[in-house]
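Work through the exercises below with the sequence and the structure in view. Try each task before reading its solution.

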Amino acid sequence: MAKSKRSKVVSLTKVSKKTKEHKNALLSEVQQNVEKWKYCWLFEVGAMRNTHLKTVRNLWKDSARIFFGRGAVMAKALGTTMEEEHRMGLHKLAKQIKGQVGLLLTDSEPQEVIDWFDDFRQADYARTGNIATRTVILPAGPVMRAHSDPPEPFPHNEDPQLRKLGLTTTMKRGVPTLENPHQVCEKGKALTGEQAQLLKLIGEKMVVFRVALLARWDAATGEVAQVEGRGLSIEQAGVEVEAEGDGDEEMSE
């Protein structure tokens, strides 16, 4: 008798793992790029989304190299002490690699880089645990989707989902309708899973993906300059600034 597909055994040995060789290759790649480019920037990300980070990487692919994640490997590649640093002054930058940060290596002049990242913003939907940046109240009447242009009411078949997320709706002429205003979230408070999902359904983007430059290493002088006043505040970063998928993935071109 043929074996049932339901009882198929999947060997865990087939799951790929990051090997020592992979880490060594990444370490070597970071060092090679440090030797190639004039500047090495340390940055952090607010409202992390892999899709937006890939957009940044693509826009800079001809004039920079980006590494993101695997902080311990990046720090080791730069060298955390004067004796171990790969090039003069890099240990000052390596000591600042903490949390979810990345490296941008480029020949572009500092002010050009600063101006570009000051202008780059991508609005996105909040996730569970993010801090609400504003209070959102749905008025009495048909429940509207703000992301449509012009806004349009939800169809009748989505009423059960709206009720599941906490809305007390009634059907009027086939449209989910609120008898009274409903507060979805309050500014300054962490979002629940239901609140985050409801904000996405109605089209309210609550967070902004941005890259904050923290420090810059100059190959010519070996000096590390701090980028004052450009770090992410708790509100900007939210409480969940986690990469989609494996946070240790190397996000380089």
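The exercises that follow concern a predicted model.

**Exercise 1. Overall make-up**

State how many helices and strands the protein chain has, and what share of its residues count as buried.

Solution. Step one is to count the elements: the protein chain has 8 helices and 13 strands. Step two is to look at accessibility: of the 253 residues, 42% count as buried. Step three concerns contacts in the chain with a separation of 6 or more: residues 24 or more positions apart account for 78% of these.

**Exercise 2. Helix α3 and its surroundings**

Find which residues of helix α3 are buried and which elements they pack against.

Solution. Begin with the limits of the helix: α3 covers residues 71-78. Within it, the buried residues are Val73, Met74, Ala75, Ala77 and Leu78. Next, list the partners of these buried residues: they pack against α1 (20-36), β2 (64-68), α4 (90-94) and β3 (101-106). Finally, look at what comes just after α3: glycine 79 has a positive phi there, of about 100°.

**Exercise 3. How α1 meets α3**

Describe the packing of α1 and α3 by angle, axis distance and handedness, then name the residues that make the contact.

Solution. First take the geometry: the two helices, α1 and α3, pack at an angle of about 50°, and their axes are 9 Å apart. Because of that angle, α1 is oblique to α3. The crossing of α1 past α3 is right-handed. Then take the residues: α1 contributes Lys23, Leu26, Leu27, Val30, Gln31 and Val34 to the contact, while α3 contributes Val73, Lys76, Ala77 and Leu78. Sorting the residues of this contact gives 7 nonpolar, 1 polar and 2 charged.

**Exercise 4. A residue of strand β2**

Is phenylalanine 68 buried or exposed?

Solution. Locate the residue first: phenylalanine 68 lies in strand β2. Its relative accessibility is 2%, and the cut-off for buried is under 20%, so phenylalanine 68 counts as buried. Now compare positions along the chain and in space: phenylalanine 43 is 25 residues apart from phenylalanine 68 along the chain, and their C-alpha atoms are separated by 9.1 Å.

**Exercise 5. Cysteines and disulfides**

How many disulfides does a search of the whole structure find?

Solution. Recall what is being sought: a disulfide is a covalent bond between the sulfur atoms of two cysteines. The search of the whole structure finds 0 disulfides. Then check accessibility for two cysteines: cysteine 40 is buried at 0% relative accessibility, and cysteine 185 is buried with a relative accessible area of 2%.

**Exercise 6. A proline in a helix**

Place proline 110 in its helix and list the residues that it touches, not counting those up to four places away in sequence.

Solution. The helix is α5, residues 110-119, and proline 110 is found in it. At 16% relative accessibility, proline 110 counts as buried. Leaving out residues up to four places away in sequence, proline 110 touches Tyr39, Trp41 and Arg216. For one long step along the chain, take aspartate 218: it is 108 residues apart from proline 110, yet the C-alpha atoms of the two are separated by 9.7 Å.

**Exercise 7. A positive phi in a loop**

Where is arginine 173, and is it buried or exposed?

Solution. Arginine 173 sits in the loop between β9 (169-172) and β10 (175-178). Its relative accessible area is 88%, so arginine 173 is exposed. As a last step, check the backbone: arginine 173 has a positive phi of about 55°, although it is not a glycine.

Methods. Residues are numbered from 1 along each chain as its sequence is written. This is a predicted model: local features need pLDDT of at least 70, side-chain atom pairs count only at pLDDT 80 or more; totals for chains, interfaces and linings use all residues. Side-chain values use heavy atoms; hydrogens and water are left out. Buried means under 20% relative accessible area, exposed over 50%, partly exposed in between (1.4 Å probe, protein chains only). Contact means heavy atoms within 4.5 Å. Axes are lines fitted to C-alpha atoms, for helices over the stretch in contact, and angles run from 0 to 180 degrees between N-to-C directions. Angles under 35 degrees count as roughly parallel, over 145 as roughly antiparallel, 65 to 115 as roughly perpendicular and the rest as oblique. A crossing is left-handed if the near helix is turned anticlockwise from the far one by less than a right angle, and right-handed if clockwise. Ala, Val, Leu, Ile, Met, Phe, Trp, Tyr, Cys and Pro count as nonpolar, Asp, Glu, Lys and Arg as charged, and the others, Gly among them, as polar. A disulfide is a pair of cysteine sulfur atoms within 2.5 Å.
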